[in-house]
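Visitor: I'd like a close look at just one part of this model, the inside. Please walk me through what sits there and what it touches.

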Amino acid sequence: MPIQYKFPDLGLTIFSRMSALAAECGAINLSQGFPDFEVDAGLQARVTAAMAAGHNQYAPMPGLPALRQAIATKFQVAYDLVVDADSEITVTAGATQALYTVIATVLRPGDEAIILEPAYDSYAPAIVAQGAVPLRVSLTPPGFVVDWGAVRKAVTPRTRLIIVNNPNNPATSIFSPADLDALAEIADQHDLLVLSDEVYEHLVFDTHPHASVLTHPMLRPRSFAVYSFGKTFHATGWKVGYCVAAPALTAEFRKLHQYLVFSVATPLQVALAGYLAESKHWQGLADFYQLKRDQLAPGLVAAGFKLLPSAGTYFQLADYSAIRPDMGDLAFAEWLTREHGVASIPVSAFYADGRDTGLVRFCFAKREATLDSAIAKLSSLAV
């Protein structure tokens with residue numbers, strides 16, 4: 001009897017494909033979202049010291065108490081928000097594991113979950129894996145704002161969860177307090193749970209504050225918020241994140257978490273606990289990345305791209321219609337990689353129906369020299 005697979009049509013992600021193409025062509029990789037600069041040497045030293053000190057066995061299932069307390073303190077400093085380290089914070093094997101665990105915890109076969117497109121590509125497969133159904137609502141370009149009326153119309157009696165991504169990858173848009181109010185009204189009216197992917201919380205530009213669901217009194221009791229140390233400390237390969245939710249939600253989350261991963265790498269947790277407690281690194285991230293955004297942007301404009309607003313994350317969306325209006329976005333991304341030596345991501349990859357919006361996404365989480373080299377290569381487009 002042939003095996004009935006859940007995902008017969010899924011292949012390699014666009015990130016793997018474009019990174020492989022960049023390597024094949026010797027192109028500068030501005031496609032996949034990872035920095036090309038080192039983790040702070042002091043943080044690296046803490047990992048080595050933790051291993052040498054014998055912190056090499058299982059950590060407690062919810063995470064090391066010292067790390068959870070450091071996270072709670074950060075929420076107090078960043079948002080004047082009291083989060084209980086014992087009952088509301090769980091350390092996870094990266095943000096993606098946290099996202100999957102929330103989805104698997106709350107959705108049953110036949111349930112529905114709303115996602116906003118363009119959407120990070122892990123949401124829908126996790127929903128489908130539970131036998132649930134993703135309901136897709138499109139964001140409105142060029143600002144990629146949420147049409148909350150469309151969200152409200154999408155809700156049915158089977159809808160259980162709404163997933164939001166703020167700041168949004170790939171749309172680079174951010175929520176305002178009014179967005180939180182609209183989300184809260186819909187969630188309260190229909191008794192929905194909320195999963196808020198906030199991994200780019202500290203990458204909000206132009207002096208705007210980050211509007212977390214945890215700061216909203218109506219959303220706090222019904223929301224899971226997910227975060228990433230990889231994004232904050234330039235260590236995407238460490239795969240350490242955390243989920244913050246009210247005690248009742250956290251208790252349910254941990255029931256599954258304990259069987260998915262049980263606990264997360266102990267020396268990394270020890271290092272992060274000490275570093276987070278003593279470092280103000282996260283407080284300077286917005287300025288750090290805004291400089292990189294503003295370094296890349298003029299080069300893209302000079303090459304013929306029309307830039308969309310980049311309010312958050314470490315990505316820039318660009319309209320290439322003035323350069324190659326004859327090409328779809330995937331064809332353009334491949335052509336740009338092969339012929340001009342710079343890799344990007346076609347935004348159609350973030351839509352379930354593959355709709356072509358004529359946009360590509362560039363990652364500017366790179367060294368100044370890398371961005372300068374990319375700008376130099378792209379300058380040939382303007383010739």
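Guide: Let's start from the outside and work in. The chain exposes about 15900 Å², and carbon and sulfur atoms supply 56% of that area. Bear in mind as we go that this is a predicted model. As for what's hidden, 57% of the 383 residues count as buried.

Here's the frame around that interior. The chain's secondary structure comes to 13 helices and 13 strands. Its radius of gyration is 21 Å, close to the 21 Å the globule rule gives for 383 residues, so the chain is as compact as a globular protein of that length. Along the principal axes, the C-alpha trace spans about 60 × 55 × 55 Å. If you take the contacts with a separation of 6 or more, 75% of them come from residues 24 or more positions apart.

Now inside. The largest nonpolar core has 65 residues, and Phe 305 and Phe 362 are the ones with the most contacts within it. Helix α4 (residues 95-106) gives this core its largest share, six residues. There's also a second, separate core of 64 residues, with Ala 59, Leu 67, Val 244 and Leu 276 among its members.

Zoom in on Phe 305. Skipping its neighbours within four places in sequence, its contacts include Phe 362 itself, along with Leu 300, Ile 323, Phe 332, Leu 336, Val 360, Leu 378 and Leu 381. Phe 305 also meets the run Ala 318, Asp 319 and Tyr 320.

That run turns up again when you move to Leu 359, which sits in strand β13 (residues 359-363). Leaving out residues up to four places away in sequence, Leu 359 touches Ala 318, Asp 319 and Tyr 320, as well as Leu 317, Leu 308, Asp 329 and Phe 144. Ile 345, Pro 346 and Val 347 are on its contact list too. With the cut-off for buried at under 20% relative accessible area, Leu 359 counts as buried because its relative accessibility is 5%. For a sense of distance, its C-alpha atom and that of Ala 235, 124 residues apart along the chain, are separated by 28 Å.

One last stop is Ser 196, in strand β6 (residues 193-197). Here we have a serine that is buried, because its relative accessibility is 1%. Again ignoring residues up to four places away, Ser 196 touches Val 164 and Val 213, plus the stretch Phe 224, Ala 225 and Val 226.

Note on methods:
Residues numbered from 1 in each chain as written. Predicted model: local features only at pLDDT ≥ 70, side-chain atom pairs only at ≥ 80, totals over all residues. Heavy atoms only, no water. Helix = DSSP H or I, 4+ residues; strand = E, 2+ residues; numbered from the N terminus. Rg over C-alpha atoms; globule rule 2.2 N^0.38 Å. Buried < 20%, exposed > 50% of the residue type's maximum accessible area, 1.4 Å probe, protein only. Contact = heavy atoms within 4.5 Å. Areas by Shrake-Rupley, 256 points an atom, 1.4 Å probe, with all protein chains shown as cover. Core = buried A, V, L, I, M, F, W, Y, C linked by side-chain atoms within 4.5 Å.
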